[in-house]
Amino acid sequence: MAETTMQPKENRLLGLLPEDEYAAVVAHLEPCATPRGFIIAPADAIIEHAYFPCEGIGSVINISPEGNRVEAGLFGRDGFAPAAAVVGASISVPEVTVQVPGFAYRLRQSTLLDLMKTQPVFASLLHKAVYVLATQAGFTALSNAVHEIDERLARWILMCHDRIDGNELALTHEFIALMLAVRRPSVTTALHLLEGYRFIRSVRGLVIVRDRGGLEDFASDAYGKAEDEYERLIGPLRKPKRGPNDIPPTRPA
């Protein structure tokens, strides 16, 4: 069993439960470290557990029969995975994997389904989370179709930034390329553009958000609709546009 000082309520869904339902759910939770590359649910494999992250970021990855991979959605302490667990599906079609290491609590799927029958707020929150993740996936598809790579990258960095403490994201160019389904040189070019505007700083294996407000303005309509829906149905998600660690922006002429 993993050791941690993190409490289950640091997952936002679990933290919203009334005291009696929280106690009922926590009684069945198992702590679990989630290092980078940890597979929460293999593609086309039996679902054993549902995971509720307290820190870290996971990706829902669709894989074609030929082996092509693209990220359809991401989640952190705002949600849980795999989404298919709540409808009683025995198989997860997408792969669900950890991209930013962290910590989670997990429930056996059979226990999850039993708890949903007796804990109405828990069941409602899980259904809302599934809907919001589907909304996010829909806007990811829209963004992939209509936005340039630099806007898509800005959106993706903002979504990751919402789900971590601080401003540093441990992400390699190779992994970003996989998640955005583009070639690595395209990621490098887009990162250099965002860095030139002083929205971010990019070093090996690390992206540092410097100007959150500028990044949101640059992303424009690529970011925000799915976040609006999460906040309408569940609660706060986005970080403020200006944080205490933001570096004052300097735009190039």
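These are my notes on cavities, one buried glutamine and the cysteines in this structure, which is a predicted model.

**Cavities**

I started with a search of the whole structure for enclosed space, and 4 cavities of 30 Å³ or more came up. The largest cavity holds about 140 Å³. I looked up its lining next: 16 residues, with Asp78, Ala129, Val132, Leu133 and Tyr230 nearest the centre. Strand β5 (69-75) and helices α4 (120-146) and α9 (225-233) are the elements that each give two or more residues to that lining. The largest share comes from α4, at 5 residues. I also sorted the lining of the largest cavity by class and got 11 nonpolar, 2 polar and 3 charged residues.

Then I turned to the second largest cavity, at about 100 Å³. It has 15 lining residues, and Glu71, Thr140, Arg155, Trp156 and Leu180 sit closest to its centre. Here the elements giving two or more residues are β5, α4, α5 (149-161) and α6 (173-180). This time β5 gives the most, with 5 residues. By class I noted 7 nonpolar, 5 polar and 3 charged residues in the lining of the second largest cavity.

I jotted down that β5 and α4 turn up in the list for the largest cavity and again in the list for the second largest.

**Glutamine 99**

Next stop was Gln99, in strand β7 (residues 95-108). Is Gln99 buried or exposed? Its relative accessible area is 0%, so I put it down as buried. Leaving out residues up to four places away in sequence, I listed what Gln99 touches: Arg36, Ile57, Gly58, Ser59, Glu71, Leu74, Trp156, Cys160, Ala170, Leu171, Phe175 and Met179. Glu71 and Trp156 were already in my notes, as two of the residues closest to the centre of the second largest cavity.

**Cysteines**

Cys160 among the contacts of Gln99 sent me to the cysteines. How many disulfides are there in the whole structure? My search found 0. Cys32 is in none, and the nearest cysteine sulfur, that of Cys54, is 11 Å away. Cys32 is also buried, because its relative accessible area is 9%, under the 20% cut-off.

Why is Cys160 not bonded to Cys54? The sulfur of Cys54 is the closest cysteine sulfur to that of Cys160, but the gap is 18 Å, so it is too far for a bond; a disulfide needs the two sulfurs within 2.5 Å. I checked the accessibility of Cys160 as well: the value is 0%, so Cys160 counts as buried.

Methods:
Residues are numbered from 1 along each chain as its sequence is written. This is a predicted model: local features need pLDDT of at least 70, side-chain atom pairs count only at pLDDT 80 or more; totals for chains, interfaces and linings use all residues. Side-chain values use heavy atoms; hydrogens and water are left out. On a 1 Å grid over the protein atoms alone, a cavity is a set of points where a 1.4 Å probe fits but cannot get out, and a pocket is an open set with protein on both sides within 12 Å along at least five of seven lines; lining residues have an atom within 4 Å of a point. Grid points are joined across faces, edges and corners, and a volume is the space filled by probe spheres set on the points. Helices (H or I, at least four residues) and strands (E, at least two) are DSSP runs, numbered from the N terminus. Ala, Val, Leu, Ile, Met, Phe, Trp, Tyr, Cys and Pro count as nonpolar, Asp, Glu, Lys and Arg as charged, and the others, Gly among them, as polar. Buried means under 20% relative accessible area, exposed over 50%, partly exposed in between (1.4 Å probe, protein chains only). Contact means heavy atoms within 4.5 Å.
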